[in-house]
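User: I would like to go through the reasoning behind some labels used for this protein. Please set each value against its criterion.

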Amino acid sequence: MNSFPWLTLFVVLPISAGFLIFLLPHRGNKVIRWYTLSICILELLLMTYIFSYYFKLDDPLIQLTESSKWINFLNLYWRLGIDGISLGPIFLTGFITTLATLAARPVTRDSRLFYFLMLAMYSGQIGLFSSQDLLLFFIMWELELIPVYLLLSMWGGKKRLYSATKFILYTAGSSVFLLMGALGIALYGSNEPTFNFETSANQPYPAVLEILFYIGFLIAFAVKSPIIPLHTWLPDTHGEAHYSTCMLLAGILLKMGAYGLVRINMELLPHAHSLFSPWLIIVGAMQIIYAASTSSGQRNLKKRIAYSSVSHMGFIIIGIYSISDMGLNGAILQIISHGFIGAALFFLAGTSYDRIRLVYLDKMGGMATPMPKIFTLFNILSLASLALPGMSGFFSELIVFFGILTTEKYLLMSKIIISFVMAVGMLLTPLYLLSMLRQMFYGYKFFNALNSYCFDSGPRELFVSISILLPVISIGIYPDFIFSLSVEKVEAIMSTYFSR
């Protein structure tokens, strides 16, 4: 097997290249922008080539593994490896970060720092999804916080400091629980602490201790996912962030929480996961209804899309806690699907704001006539978000539905009630999305002869939107492409639940 440390290269390349930005000659923003974009494209192409060449789809074990002593004093190893569950989020990260870099073209103030922070986030996200060590996982988790905080507080809207402070308080506060859980698992039952995922997965724990570990990890991942009632940082953050930052938040950052639930809570702590699953299923169903209802009442366009993200994350929670092959496969597909759709909606919301300088829906109206391209793209991606057949959202939500109906863990009546609540949530989704489109694009409120901002989508906006739309339609037509990545690994995880 190939011995070159490809995963280390993928983790280190963006942040190393990011440091070189400060050495570039300062000739406006063009050189810096193209340099950052070329690094992102190089990384994405390299990952695509290496994974297609070396990764075996029918192997549920960890592949491309790397393990070397990193900090001797702490007994900390640099352990990396990927499997079918981490492969999808890694490609999603590469794709969305590349497009977010292209979307950030209007940023002119302190552009060196801006693009460096985007590349630093890129490294942290790839590192997290390929980490096979609990302490390394925590370090990569923390590596995200400072770039997001700075991107928010320096390039955000009017209330940027408030939303950035709220973000750091929530996420850094919850990270303490992640560190405590990681240290607890590492120190339990051995003289020498080990943070290795593989060792921890085969380690039995006393019931009370396992529950305590589980709660610690759950709090950390519930804030990042987010799961209600720990979601209140998200609408404020999305409402104030620059839209390229929003693309990274909605497309990748929220998915880190869901990934952690699968990678740590499900794999390392199966007894506690089984115990908590009925309660979290109820929370997931409530989240779909609550966030969809709250979204309808939002005047701010970006906050409405943010609450729609919270609602769609409810399907991921239900899929993860359904304890069924189909449910978990549906959750993984929803992670990828919503990563694309959420990023696209925030991008289009941002490009609309660039033109009309309005964020409140009740002040908009009549944008369809002067901006037919933005109108068309917004319509198509909103329909993708409300799970139109032929789009990726349809299959992911349908398979989560089947997952909850076919699971052997729950009683028939409880399965019917949860399915009914999910169906009501799916009916509320068109309500807030179609209402949003009506307020933005129809009517006559906003436009008058004096307005000069209203030029339609340019080549850059069209390219970014269509680049995201293509995988959304491709997955909607042929979802088996994503399932082929994860199905073997999902079976391996589920076998530990059904063998007990």
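User: What makes up the lining of the second largest pocket by class, and how are the classes assigned?

Analyst: This is a predicted model. By class, 12 lining residues of the second largest pocket are nonpolar, eight are polar and seven are charged. Ala and Phe count as nonpolar and Glu as charged, while residues outside the nonpolar and charged lists count as polar. The residues closest to the pocket centre are Phe 197, Glu 198, Ala 201, Asn 202 and Glu 267, out of 27 that line the pocket. Phe 197 and Ala 201 therefore belong to the nonpolar class, Glu 198 and Glu 267 to the charged class, and Asn 202 to the polar class.

User: What is the volume of this second largest pocket, and which elements give two or more residues to its lining?

Analyst: The volume is about 660 Å³. Two or more lining residues come from each of the strands β1 (63-71) and β2 (76-82) and the helices α8 (197-201), α11 (243-268), α12 (270-296) and α19 (480-498). The largest share, four residues, is that of α19.

User: Why are α11 and α13 called roughly parallel?

Analyst: The helices α11 and α13 (residues 301-321) pack at an angle of about 20 degrees. Angles under 35 degrees count as roughly parallel, so α11 and α13 are roughly parallel to each other. Their axes lie 11 Å apart, and the crossing of α11 past α13 is right-handed.

User: Which residues of α11 and α13 meet?

Analyst: Contact means heavy atoms within 4.5 Å. On the α11 side, the residues are Cys 246, Leu 254, Lys 255, Ala 258, Leu 261, Val 262, Asn 265 and Met 266; on the α13 side, they are Lys 302, Ser 309, Met 313, Ile 316, Ile 320 and Tyr 321. This contact has 10 nonpolar, two polar and two charged residues. Lys counts as charged, so Lys 255 of α11 and Lys 302 of α13 fall in the charged class.

User: Where are the cis peptide bonds before Pro 226 and Pro 229, and what are their omega values?

Analyst: Ser 225 and Pro 226 are joined by a cis bond with omega of about -10 degrees. For the cis bond from Ile 228 to Pro 229, omega is near 5 degrees. Pro 226 sits in the loop between α9 (207-224) and α10 (233-240), and Pro 229 is placed in the loop between α9 and α10.

User: What is noted about phi of Ile 323?

Analyst: Phi of Ile 323 is near 50 degrees, a positive value in a residue other than glycine. Ile 323 lies in the loop between α13 and α14 (325-356).

Conventions
Residues are numbered from 1 along each chain as its sequence is written. This is a predicted model: local features need pLDDT of at least 70, side-chain atom pairs count only at pLDDT 80 or more; totals for chains, interfaces and linings use all residues. Side-chain values use heavy atoms; hydrogens and water are left out. On a 1 Å grid over the protein atoms alone, a cavity is a set of points where a 1.4 Å probe fits but cannot get out, and a pocket is an open set with protein on both sides within 12 Å along at least five of seven lines; lining residues have an atom within 4 Å of a point. Grid points are joined across faces, edges and corners, and a volume is the space filled by probe spheres set on the points. Axes are lines fitted to C-alpha atoms, for helices over the stretch in contact, and angles run from 0 to 180 degrees between N-to-C directions. Angles under 35 degrees count as roughly parallel, over 145 as roughly antiparallel, 65 to 115 as roughly perpendicular and the rest as oblique. A crossing is left-handed if the near helix is turned anticlockwise from the far one by less than a right angle, and right-handed if clockwise.
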